[in-house]
Every structure is written in structure tokens, then in C-alpha cells.
Amino acid sequence: MRVLHFLFLLLFLFCKCALASELNYEQLSADTYWHKLLHYKKSGNRLKSEVISPSFFLSKSGHSDPFAELKMTVKAFLSESEKTPNTTICSFPARYLWLKKQYPRRFTHNILDCKDYLAWTRDNEIKSISVILASGYLSNPASIYGHLLLRFDLEHYAHQGRNLVSPTLNFGAITPPDENMLVYITKGIFGGYEAGFTDELFYKQDHSYAKTELRDLWQYKLNLMPDQLEQLVAHSYELIKKKFTYYFAKENCAYQMARLLQLVVEEPLLNYDSPFAFPTTVFQRLAKVDIMGKPAVDRIDQIPSHQKILHRKYEQLSLKQKKALNQFIEHRHNDHDAALADFTMREQAMVLNVYLDYLDFLKVKDVDIKETKKSVLIALFKRPITPIDWTKKVNDKPPHLGQAPSTLQINLVQNTKIGTYGEFRFRTAYYDLLSNPIGRLPLSSLAMLDASIAIKENDIWIKTLDGVNIKSLNTSKTGLAGDGGYAWQIRAGIEQQELSCQPCNIFSLTGGVGKSIELSNKLALYAMQNAKLQSASLQYKSFSTEIELGAIAKLSSYWRSSLIYSHRFYLHDTDIQLTRYKWENAIHFDRNWEIRLNVEKQIATEMTASFSYFF
Amino acid sequence: MKLVKYSAIALSLLATSGMVNAKLNPWTDCGIGAMIFQETPAAAAISNVIWDLGTTAVTSAGLSEQTCEGGKDKIAAEFINHSYESIEADLAKGQGDYLAATLTLMSCNTADASAVRSEMASTVASSQARVEKAEALFTALNTQCAAK
């Protein structure tokens, strides 16, 4: 009998929970999931939403009061008892899903009855979500570290994984069309822009990033249960056209996309206490974490840039085919039939295929190719369809295997004038010419906020402090006209005037332009003409010009080496010159660790042994 | 009376079939032809977001309805209009992701693509404007795939 009583009691309690008409507002409003849905961030002891659009909140104090926002949300959700969901439900489907999960008898509507929402989900056809990384792009300060997108994959439209017509969520600053670059950078850094989520079909992103800006796209397909997929889709819909404040260094695309993904990923996808957020960090963490006990990433695919596809196809042409192609390019003649007469139909198709890709590549560089392209298209249309199996596909290692963006370095230095001293270096981001090449632009360096402090007995001095230091060798892989361009560099910061003195710092601005050549995939050479503006120091005045010659070599899979020679002339007195030699070696024994051994001569000779940790 | 009845049925069938066949031409009916195709110069892309209510409103609709409000035909037409160069190149090569996506959107198969190749060869060779060529491709595929 006691057992029966106990069972009745259990049943009673169960029914009471299930049928409870009163919501526990205190408990619900303190739930971290509710805070995630409202994009709250702790500001001291208070919560404050990062969304600045008033339309995102139903309560007047909703941007900082989760309790008030919950009350108003529930009230609005329950305000109409019609069969079809009301406008509030349809505007906030993720909030509704969350409440429905806990109080299924109070919240009975199906969010798919919302016409606009159903249309956005393509009649509930979204079967998976891919997080997409567009590789770094040096021509756009906002995309220098890469960009992040979220694609809602419609399985039916997946063509070789590209999913061109799937809706894709983007986050970025809302800027005037012809914004001045300096204003753009300044406002971007100091929060002068609003930002927001927009959706476009993926082909527009593919066109912009892979075909026009020639950037690789990396797709990380998430391993989601249907419930998690539904939550992310619903919340993404809520965020479209909602505004945030944009900060280039932190509250950027990586940060906001990571915050969105945290709805279903428990472990942090960024270090939210850090003043910086980098897109690659999100991917490095995604590759490590679980979602409900399963690896967060199901599969990884690369969409190579148009330029990379062109390079890989060009490699697969025979010498004879390359010669024919070069003649077409050189003479721009239209008599393809005569020039290709000695080739089989398949070989002809290969040459014309690469020629067409090459012309599309030139078009990106604003070369007028209209009539030439028409003649190549006609030549291909005249021939029977000859599908080509390009056996060598672009197959790079995914970017999450590359080094983390920030560096801590400890150096031991032996200087012929100063003696032995220690050096501590912190680089906020990112890499240099000798860094691990995975996931970054080849033969380039990109450093921001890079500081070295030297310590010798009781003396401490700043050795270098770079605000920005970017170099791109821009080599040509094919030797075809237009492939590759000018090598260039810019640098702004504090440096030592001479290796032999301490402290003898100068503030300098350096810009350089030149040419480079990649002799093989193991050796590149470059020459640059630099111009330097600096604060006067010792006998040196403000303006100088410099010749710089360099060689970058890949000596093994883990050892890279560079040799740089430069000679500087000061314009006020050409007898004042500075010559510098630097031999630098990087040994990558792990993606998070690196050893460097350098020798540098410029008045004094300095030998350095470095130990770097990337995080 | 029977004659009247049969005539009414026939008329009704004709009307229905007329309605089914009156397919939407997004170029003329939905203003695709009036859209200006914007090519993004590499150096000019300084923002990552196109904050364009019109564009997003168009793409934020379903793929099922045959209407201008984001109907399947309009999405196919927009895709062809935006990606014409890529589809044209794929069609010439006989393969490619953009061609495959077009065929799926238009409910066509690879044999349909081969069938419109000769027609497209003369379109490509012509001096028609880009938007006209895109429309010609859409129409050729629409006709070819509807004829099956």
C-alpha cells in the first residue's frame, strides 16, 4: 500500500510539473541559455546586451534586464490564442523553442507555421550548418586575419560540396560605400561603426571571396543533432538585421559568430577575456571541442581560390601544352584550331580550359579580356564536351592545423658590443616569412603590435615595437603575365637605429616595393627598394632609401631559412650608410612551439637563440 | 446539354492548362533584367556586409513557390544573372559547380545542358548584352527542361 501511495505521489508531482501554469521567471531569467539568446555580456556586476537594435527587445529595459525581457516575451507569446503563431513568436522563434522545450503545454505553436520563417528555412530543408573561413586578405584591413561565415546547407543543392544556393549568414561593419581608408581603419578600431548580420545566398560569397578576391574558403561542417540545428537556425533568423557596435580587434565577425555558435557549443570558442578575437582561433577550438559528446566538426572541405585552381591546372599541362597556351596569351590570336591541330581533343580541351580560367583571373585584375574570352568560349563550344579529370586537386592542410595567432618569445642574445642579454617578445598577431605556412598566405608576413623588451642586469629597454609590419612577396606560380605582381612591404613602429647601441630607438615608417621570383616551391628570391622616414638619431637624419635583397628557403618540412641583405643611404649625406646582413632559421617542431637561430650584422654582430610559444 | 457540359469541361481544362503553362518570366515579370549586375573590384571591397534591404529581402524567401516573391524561378534567374560568366564557362567546358547548380535549380539534367549547348554557342558569339545572354540561357534551359 505504501508503494502505491509513493507511486501516486510521484505521478502527482510529475503531472504538476508538466501542467504547471506558472513559469518560474526567476529561474528562467537566470538561465545562461536565456542570456545567450539575448547576447548579454557582463559589464561589472550587471548584464548588458551587445545588440543595440531596440527591435530586438520587447521590454524597455530588456537590453540589461533578463527578467523584464522574459516577462514581456512570455506575455507576448501567450497574448494570442489563435491557431497560427503571432508575430512575436515568428520574430523570435529561438526564444519560443526554448520556452516550448520546458513548458510544452503552455507553448504549443509550431514555429514552422510562421510563413516568413518557413520560407527562410527553405521549407525546412536546412540539413546541416557549415562554419566557413575565408582566408586572410591583405588588401582589406578588416579581412587581414580572415573572415567568418555561417552557411545553412540545403542538401539538395550541394554540388561538389559548394552549396551555392544555400542561405549564408555574414557579419560585418556597416560602412559608407566610398569610405576613406584611414577613416575606415580608425573608426573600425575605436567602435565608430555599427555592424550587423545579413543573409545572402552562398554563390554571392563564393563570387566575392573565391573568384574576385582570390581567397580560399574552408568549410567546417558541424556535427549537430536536429534539435541543435533547429536552435541555431532559429536564432540566426532572429539576428538578421539586428545591429551591434563593431570593433575591428574584438567585437568582429569571429567574435559574433562564436557567440552565436555558443548556443550549442558549451566550451568557449574564443578567449572572451582577451582584447583580440581572430577567426582562426574559432576554427582551432571547433576542431577540439565536442557538441553533446561528439566532435563538433563532422568534415572539412576546401574551396580553393580561382587563382589556386588555375595554378593547379596549369601544373598538369604538358610542356607542349604550356607552350601553346603561352603563345595564345602572348599573341592573343583567335586561330585556336590551327595552333591546337597537333593535340588530341582532350589535350585541346585542357589548354582551352586553362586559358579560360586564366582570362577570368585576368578580369579580376581589370584587364579587358572580353573579345579574347569570347573566342575561347566559341572554340570550346565548337568542340564536343570533353570532361577532364584534373587528377591533381588543390589539397592544402586545413587552417586549424596552423599556428595560433599570438606569440610569446624568449631570446638569448650575444652582441659583440653590448654583451649577453635576454629579450622578451610579445606579438599580438600573427606570422612572418618563416612561420609555419599552414593556413596563411604564402611568402608573406603580417605582424601587429609586436614588442621586444631587452633585459641586461639592471637595464631594461625597448628593442622594437612594431605597430604594423606587413610584407608580401606576391610571387608568380606560373610565370604567366598577370600572375603575381609587385612585392611590397609597410612597417610602422620603433626600432633600434644600430645594433651596437642601447637604447638608441627611433620611430620609423618604411615602405617598399619590388619584385620576387619563386625558383621552386623551396626557394624564393626578392629585391625591394625601400623608403624610410624616421625620427633623427645620432648622426642619422629623417629620410633614407634602402635596397633590400632576400632569399627564403624551405630546407625541410620543419626548417625554413632566410637570408636578407640591405643597404641604406641617408639623403642628407650619402656618406652615411648602414649595411645589414641577417640569416634567420626557424625550426617548427610542433604547431605551438618554434625555435629560431639568427645571426645579424649591422655595425655590431648579434647572435640570437629564440624559443617561441603560439597561443 | 451534354455538348454544353463537355464544352464547359474542355474550356475549363484549356483554362487550367493555360494557367499551368503560363510560366513566369523573371526577366520581364520580376524585373531581373532591370537589375544592374555589380562586379566587385578586388580592391574596392572594404566592407564585409552588403546592407541592402532589397537584395536580402529577395533572397530571404523559399524555393518552392513560382512567384516573384522569392519563387524558385526567380531564384534561378537571379543565380543565372549574377553568375552568368561562371555558368557560361562551365557550359563551354561541359562541367562545373555553377552549371550543376543551375541544372538543379531549373530541374534539368546534364543531357539538357548538352542540348542547349549549340543554341548557347550562337548566343555567346553574338553581340548581345550580358543581361540578354543570361536571359537567353534561362529561356533555353526553361524551354528544354519543360519540354521533357
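How far does helix H4 (residues 72-93) of chain B span between its end C-alpha atoms? Select it and see: H4(B) covers only 26 Å, where a straight helix of 22 residues would span 32 Å at 1.5 Å a residue. That expected span is 1.5 Å times one less than the number of residues, and helices here are DSSP runs of H or I, at least four residues, while strands are E runs of at least two, both numbered from the N terminus.

Before moving on: this is a predicted model, with local features needing pLDDT of at least 70 and side-chain atom pairs counting only at pLDDT 80 or more, while totals for chains, interfaces and linings use all residues. Residues are numbered from 1 along each chain as its sequence is written, chains are lettered from A and ligands numbered from 1 in the order in which they are written, and side-chain values use heavy atoms, with hydrogens and water left out.

Still on H4(B), centre on Ser83(B): there is a kink of about 85° there, the bend being the angle between axes fitted to the seven residues ending at a residue and the seven starting there. Of the 22 residues in H4(B), 22 are buried, meaning under 20% relative accessible area with a 1.4 Å probe, protein chains only (exposed is over 50%, partly exposed in between). Step just past the helix to Gly94(B), where phi is positive, near 90°.

Next, jump to chain A and show its open sheet: 7 antiparallel strands in the order S8-S6-S5-S4-S3-S7-S11, where strands pair if DSSP finds at least two bridges between them. S8 (243-246) and S11 (297-303) of chain A are the edge strands, each with a single partner, so one side of each has no neighbour in the sheet. Inside the sheet, pick S5 (residues 167-173) and S6 (residues 193-201) of chain A, which pair antiparallel over 7 bridges; Ala173(A) has Ala195(A) as its bridge partner in S6(A).

Now for the sulfurs. Over all chains there are 3 disulfides, a disulfide being a pair of cysteine sulfur atoms within 2.5 Å.

- Cys90(A) and Cys114(A): S to S is 2.0 Å, and the S-S torsion is about -80°, so this one is left-handed.
- Cys501(A) and Cys504(A): the sulfur atoms are 1.8 Å apart, and the torsion is about 80°, so it is right-handed.
- Cys108(B) and Cys145(B): S to S is 1.8 Å, and both cysteines are buried.

Last stop: Cys253(A), buried with a relative accessible area of 7%.
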